[in-house]
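Hello,

I am handing over the structure below. My notes on what was found in it follow.

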Amino acid sequence: MTLKDKKIVLGVSAGIAAYKAAELLRLMVREGADVFVAMSANAGQFVTPLTFQALSGHPVYSEVFGSAASASMEHIRAAEGADLLVVAPATANCVAKLANGHADDALSTLFLAFAGPAIVAPAMNDKMYANPAVQENIAKLKSRGVRIVEPETGELACGVVGMGRLADPLRIVEEVKKRLARAADLAGLRLLVTAGPTREPIDPVRYITNPSSGKMGYAIAGQARDRGAMVTLISGPTYLPKPDGIEFLPCQKASEMLDLTLARLPECDALVMTAAVGDFAPESVRKEKIKKSGEPLVLKLSPTPDILLEASKIKTRQYMVGFAAESQNLVQSALEKLRKKRLDLIVANDISAPGIGFQSDYNQVTIIAGESDIERLPLLPKTEVAGVILDRIKAGVRKG
Ligand SMILES: Cc1cc2nc3c(=O)[nH]c(=O)nc-3n(C[C@H](O)[C@H](O)[C@H](O)COP(=O)(O)O)c2cc1C
């Protein structure tokens, strides 16, 4: 693909590699992109806004206050119209601000106002890059779906050899193209995702639930939206913000999730059931709060509906993905579930392994489509696991 007619924001921060941003800008303009430059507070110490203005043909957004651009809220306009935002070079300070939601200069303010795909190319001294604070900030950005173009190893401006040199502008352009190609590769796909825990009431103030955070399902929904799919997210109660640009259907009980899922399934091309649906619910819900009497309380629990099984009974062409959280015999249990529920794919994770699964931003999963199709992924941010699952759906879906 070329960058013809693509609107790209190039963010430049105050690193010694800022001069390479001019080369990156020229490469993108030569490919037909319309590039708008935003600069961090100190980037002008290295390259003047005039250089970027001359090369891009647009005024540069470098001051939040005091410029003509600031009065017209230029950062919001630029963010709204752009197909992609690429920050190169990203200094340690810039990475920290982007990861932690600061908005105290033109670039960080624009980054916060931008909802589309973003690429960040860090460049700094090797010790700075290896610092756990920088690595934590980079991990945070990755977990939100930001693509990090890792710096290269070589001679650094400070005179040492190490990892920290800005990736070659040609490599950054390739990443920009890849990200833009991906931005539309699920166009036309109608995807139904369930996420989060379910909540089964015992009385007006108590309920049975589980520690599912919903992060895996929200990551799949968000990534699918960014890749052009029409997404419906059926979510149990979570603390996550409602994602923009998708249809959002909240629910509480497993039976409500079942009704919503079965109602929406016929019009969808694929279903991804990440929700941790509770297996049991109190047989009856007390109307009044149960009083503490000092005696043990005995609750009778009945099984909740099996949403995947019910969905598999009415499925026609839909590509169905289930999740299996297992603490033993991971692959065997997942294969059984795959067959029994007529799934196309099952994503199994070992919930006995520390630091992954339920509440974490990371997951380590095995993707299984049959006995001879078992793919064990390394520990990855949930956004990247989401990308792999969506690639499999794209390859396997039968459009109606
Ligand atoms: C000559 C010089 C070169 C610098 N190069 C880098 C660099 O490559 N990467 C980096 O993270 N910081 C670098 N710094 C430090 C940043 O400029 C400094 O942290 C600044 O506050 C970053 O501002 P920003 O948020 O506008 O990027 C350099 C500083 C100087 C004086």
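Among contacts in the protein chain with a separation of 6 or more, 69% are between residues 24 or more positions apart. Please keep in mind that this is a predicted model.

The protein chain has 400 residues, and 42% of them count as buried. Its C-alpha trace spans about 75 × 50 × 45 Å along the principal axes. The secondary structure of the protein chain amounts to 14 helices and 21 strands.

One sheet is worth following by eye. It is open, has five strands in the order β2-β1-β3-β4-β5, and its pairing is parallel. At the edges are β2 (34-39) and β5 (147-148), each of which pairs on one side only. Helix α1 (residues 18-30) packs on this sheet and touches β1, β2 and β3. The direction of helix α1 makes about 170 degrees with that of β1. Strand β1 (residues 7-12) and strand β3 (residues 84-90) run parallel and are joined by four bridges. To find the register, start from V9, which stands opposite L85 in β3. In general, the strands of a sheet pair through backbone hydrogen bonds, either parallel or antiparallel.

Then there is the ligand. Around it are 16 residues, of which S13, G15, S40, T91 and M124 come nearest. Which helix gives the largest share of the shell around the ligand? That is helix α5 (residues 92-100), with three residues. By type, the shell around the ligand divides into 10 nonpolar residues, six polar and no charged.

Regards

Key: Residues numbered from 1 in each chain as written. Predicted model: local features only at pLDDT ≥ 70, side-chain atom pairs only at ≥ 80, totals over all residues. Near = placed C-beta within 6 Å. Helix = DSSP H or I, 4+ residues; strand = E, 2+ residues; numbered from the N terminus. Nonpolar A, V, L, I, M, F, W, Y, C, P; charged D, E, K, R; others polar. Pairing = 2+ DSSP bridges. Contact = placed C-beta atoms within 7 Å. Axes fitted to C-alpha atoms, helices over the stretch in contact; angles between N-to-C directions. Buried ≥ 20, exposed ≤ 12 C-beta atoms within 10 Å, placed from the backbone.
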